[in-house]
Amino acid sequence: MATAVGAFGGADHAASKSGVWSWITTVDHKRIGILYGVTAVTFFLIGGFEALLIRLQLAEAESTLIAAGLFNQLFTMHALTMIFLAIMPLGAAFFNFIVPLQIGARDVAFPRLNALSYWLFLFGALLLNSSFIFGGAPDVGWFAYANLTALEYSPSSAVDFFALGMLVLGVSSLAAALNFIITILNLRAPGMTLMRMPVFTWMTLVVSFLLVFALPILTVGLVQLLFWREFGMPFFSAEAGADPLLWQHIFWLFGHPEVYILILPAMGIVSEILPTYSRKPLFGYSTVVFAGVAIGFMGFAVWAHHMFTVGLGSIALAAFSASTMLIAVPTGIKIFNWIATLWGGSIQFTTAMLFALGFVALFVIGGLSGVMHASPPVDTQQQDTYFVVAHLHYVLFGGSIMGLFGGIYYWFPKMTGRLLSEGWGKLHFWLMFIGMNVTFGPMHLVGIDGMPRRINTYDESMGWELLNQIETVGAFIIALSVAVFLVNFFKSVKSGEPAGDDPWDGRTLEWSISSPPPEYNFARIPVVHSNEPFWDQKHPELKHDAPPVIAGGADGEAEESIHMPNPSYWPIVVGFGTALAAGLVIVNPWLASIGAVIGLLGIYGWVFEPAGPEHH
Amino acid sequence: MANRKHIRPKSLLVLLALVILPILAACGTVDSAQTTINPQSDVAREIQGTYAFIFWVSVVVFVVVEGALVYAVFRYRRRPNSGMPKQTEGNMVLEVTWTIIPALILVAIAVPTWITIFRTDDIPAGSYIINVTGHQWWWEVEYPDVGLVTANEIRVPSDRTIGFHLETEDVLHSFWVPALFGKIDLVPGRTNTVWFTPDVETEGQMFLGQCVEFCGLSHANMRMRIFVDSPDDFAAWTAGLQSPAPEPSGVAATGHELFSSKGCTVCHSINGAYDAAGLFPAPNLTGFGSRVTLAGAIMENNATNLTAWLDNPEEIKPGNIMYKEAEAYKNPDLALTDADIGALVAYLQTLQ
Ligand SMILES: [Cu+2]
Ligand SMILES: [Cu+2]
């Protein structure tokens with residue numbers, strides 16, 4: 001394997017840089033990826049804590065543990081946190097760290113913009129959560145339906161925190177998405193055609209396009225919401241002749257693609273893990289890719305399935321139920337192709353593989369319950385009940401979270417040079433798998449029993465208490481599994497087994513360089529001839545048409561001079577100024593100019609930042 | 001080592017069974033108080049038929065797919081002597097097959113779905129119409145044909161098809177009594193409709209429902225009931241409400257006076273139709289004494305609960321408009337003493 005390593009990566013690491021300052025000014029995609037990951041896991045813990053409080057309240061009928069007002073904040077913030085501050089940035093962590101490695105690039109196209117994305121995300125997240133201190137967090141549900149968000153019904157600043165926090169997060173995601181589109185389209189190693197890209201990179205590309213198309217829609221809605229509240233422009237007010245349903249259309253036209261923004265990265269990860277530990281290529285690579293693209297595009301044509309009970313009219317119901325059911329076809333294709341990938345393979349049950357298998361098993365359940373409420377009449381009995389809560393958690397927890405944890409176990413060695421402990425990892429998996437089913441499985445039943453979502457109390461006579469208690473026990477099993485993960489993580493970072501460059505007999509380019517990779521990733525940019533270049537190079541005997549050796553020879557030397565971008569502190573300045581301006585709008589629009597000035601100064605400094613001496 | 005490998009796929013199997021069984025058990029929860037799968041009307045049964053069909057199709061798909069997954073995981077686990085597997089890259093025939101079969105299954109699901117949509121869409125001509133208006137956090141119920149207004153408890157005749165016209169006074173709500181009909185949202189600026197014909201056997205029965213669109217602080221406390229009355233009982237009930245309430249005497253008479261002097265009449269009207277002059281929309285208390293429940297159908301209507309409600313509505317129903325706006329709670333001069341409350345309770349209970 002040593003030769004193979006030499007083919008792409010130099011063994012020499014860049015002089016290691018450390019210290020807080022180096023993290024603040026970093027523009028290295030790998031370090032930014034780690035920042036994203038650590039921040040996302042932190043918010044995952046916060047969102048999980050909120051979930052535990054919700055579960056404690058519901059474990060008892062007519063419980064008075066948590067007051068209604070706080071309960072409404074908790075379920076709203078739980079959703080916002082998990083979606084925008086945990087799952088999305090965890091996906092972004094992998095986009096950042098892995099995609100440039102998979103496509104044989106030295107960094108993303110715009111490294112400083114990449115840093116700005118991270119800082120905007122961090123400060124936007126802090127802004128959103130600071131509402132807990134400043135008068136109460138958003139309490140109108142993560143969908144923030146008009147007209148509950150009107151000043152008349154939500155007089156506190158909670159809704160403003162929601163709108164402004166989401167705007168800042170939106171800028172962050174949009175910048176990141178554009179960066180990744182441009183990176184993937186332009187910085188691929190020679191020979192890596194689109195149809196030779198690893199599936200994870202493909203899904204990153206699809207997700208980035210979804211973000212670019214979906215986020216502006218939300219942005220428009222959020223600006224309208226703010227103008228309604230701040231300046232009395234009645235975009236969603238029925239009294240003024242407007243239609244509050246407009247908000248729902250806008251929100252779900254963003255919100256449904258958002259669902260795929262949350263799940264496709266995990267699907268990409270699973271599409272990497274399953275082949276690796278089956279020692280077989282992904283079955284039907286191009287079908288899986290096209291299915292992913294199809295899911296992404298069709299995702300824009302189904303938004304009204306969140307609105308089956310608003311009185312859309314029969315024709316619209318029929319049309320949107322059809323488009324929604326249609327999406328099950330590409331989704332089904334993916335699942336069958338994954339199973340076919342396992343078929344005939346040589347399956348190794350590593351922790352990463354268990355998470356990937358768990359993903360497939362649980363996602364199937366979420367998909368099937370989804371088809372049930374794709375039928376509008378059925379949805380009139382399921383919408384806004386715990387059945388839907390069960391469905392969405394099988395998709396987002398059983399799907400996204402399981403897939404992302406799989407990604408952590410899979411790529412942690414590449415990121416740190418050390419293996420996560422398999423023993424602790426398997427304990428983590430089984431506790432999480434069991435806990436997840438104990439928590440969300442009974443929600444199907446209690447939903448069928450007619451228990452609505454977003455209620456802080458219910459009568460004992462409803463017969464929902466036992467199932468709720470089981471769910472709460474399950475939630476604590478999940479919490480335990482997360483604790484096991486944290487122990488594993490900290491132990492392994494410090495003293496985990498050294499991973500080597502290619503611990504899993506990997507198939508894609510990231511495994512061809514050292515772990516962790518040098519700052520410049522590839523000493524020589526590889527030349528690619530297939531969609532599993534590293535595997536084909538390691539196993540030329542398996543190919544009929546033996547592929548040419550990849551890079552410039554087995555002993556590839558580093559190119560003379562590698563230009564790497566300099567660290568910069570301007571991104572954090574711009575990020576901070578922007579979020580500060582957004583936060584100050586809530587206090588007084590004029591004060592916001594303070595943040596704006598900081599942001600503009602940051603941009604000024606950024607533009608005129610000298611390129612500096614090249615360094616290697 | 002080989003042993004351990006044997007255990008894992010099996011335990012996976014057991015766990016999957018643990019997931020399947022509760023889902024199947026869902027069929028057995030028809031007795032729960034607000035169950036969605038024990039239809040008692042034509043519309044609800046139509047929906048349930050669609051659901052049952054999709055459910056069983058899903059069970060089959062579930063067993064096939066999870067079965068294939070578990071089988072593959074078990075069968076192709078790496079053994080000490082496993083060699084390099086064949087590097088299969090795909091198979092067009094297979095992939096086309098598992099594109100077409102799911103598509104066909106979905107068509108099979110879509111067709112009954114569409115049929116149900118069109119069969120349940122508009123209120124049939126000649127239905128008995130009831131107007132419902134959503135408020136934070138209670139339901140106003142109007143019977144236009146007899147000019148009656150009541151709240152939270154809806155009585156319907158068993159021999160008619162019932163059509164609801166639904167509007168909201170403030171934010172979104174959703175109207176839902178699962179045994180009788182699926183939910184429909186109340187949207188500002190719109191009139192939505194839903195309808196059902198109660199089964200014959202439902203005569204004399206009561207059905208639970210509640211608001212299922214998040215509508216603010218006390219969303220959980222916005223519940224309702226539908227009583228299916230025999231035609232005679234229904235006629236007697238409307239006639240009773242239309243006749244004036246008996247002249248209160250004793251403590252109740254004091255209560256009657258307090259009801260005006262403490263400012264209750266600013267919002268609540270008694271006797272007959274909704275008094276549009278009310279400052280804030282509030283439940284019409286005509287016949288209040290004969291209602292079974294109180295304050296958005298969250299508790300039984302008895303002296304204890306009514307006393308507690310008048311004593312501190314906020315504690316029972318956080319955020320409610322009565323506590324926020326009524327002078328009796330804002331203005332210390334008009335505050336209710338225990339004796340006042342006793343008298344008001346006595347009076348309110350005479351409103352039969
Ligand atoms: Cu959707
Ligand atoms: Cu509600």
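Here's a quick tour of two copper sites and a pair of domains. Keep in mind that this is a predicted model. One copper ion (ligand 2) has its protein donors in chain B, while the other (ligand 1) draws its protein donors from chain A. Chain B also comes with a domain assignment, giving domain 1 and domain 2.

**Copper ion (ligand 2)**
- The protein donors here are B:Cys211 (SG), B:Glu213 (O), B:Cys215 (SG) and B:His219 (ND1), sitting 2.1 to 2.5 Å from the ion.
- Angles among the 4 donor atoms run from 88 to 125°, and the site is tetrahedral.
- Along the chain, the donors are spaced as C-x1-E-x1-C-x3-H.
- B:Glu213 is buried, at 3% relative accessibility, and B:Cys215 is buried too, at 0%.

**Copper ion (ligand 1)**
- Three histidines serve as protein donors: A:His256 (ND1), A:His305 (NE2) and A:His306 (NE2), at 1.6 to 2.0 Å from the ion.
- A:His256 belongs to helix H8 (residues 245-278) of chain A and A:His305 to the loop between helix H9 (285-298) and helix H10 (314-342), so the pair ties together parts 49 residues apart in sequence.
- A:His256 and A:His305 are both buried.

**The two domains of chain B**
- Domain 1 covers 33-75 + 90-242, and domain 2 covers 251-349.
- Their C-alpha centres are 32 Å apart.
- Between them, the domains of chain B bury about 1,800 Å², with 58% of that on carbon and sulfur atoms.
- On the domain 1 side, B:Trp138, B:Val149 and B:Glu153 lose the most area to domain 2, together 27% of what that side buries.
- As for salt bridges between domain 1 and domain 2 of chain B, the count is 0.

Conventions. Residues are numbered from 1 along each chain as its sequence is written. Chains are lettered from A and ligands numbered from 1 in the order in which they are written. This is a predicted model: local features need pLDDT of at least 70, side-chain atom pairs count only at pLDDT 80 or more; totals for chains, interfaces and linings use all residues. Side-chain values use heavy atoms; hydrogens and water are left out. Donors are N, O and S atoms within 2.8 Å of the metal (3.2 Å for Na, K and Ca); water is not among the atoms, so sites may look incomplete. Four donors count as tetrahedral if all angles lie between 85 and 135 degrees; four count as square planar and six as octahedral if opposite donors are over 155 degrees apart and all others between 65 and 115; anything else is irregular. Buried means under 20% relative accessible area, exposed over 50%, partly exposed in between (1.4 Å probe, protein chains only). Helices (H or I, at least four residues) and strands (E, at least two) are DSSP runs, numbered from the N terminus. Domain bounds come from an automatic or database domain assignment. Buried area is the accessible area (1.4 Å probe) that two parts lose on being put together, summed over both. A salt bridge is a side-chain nitrogen of Lys or Arg within 4 Å of a carboxyl oxygen of Asp or Glu.
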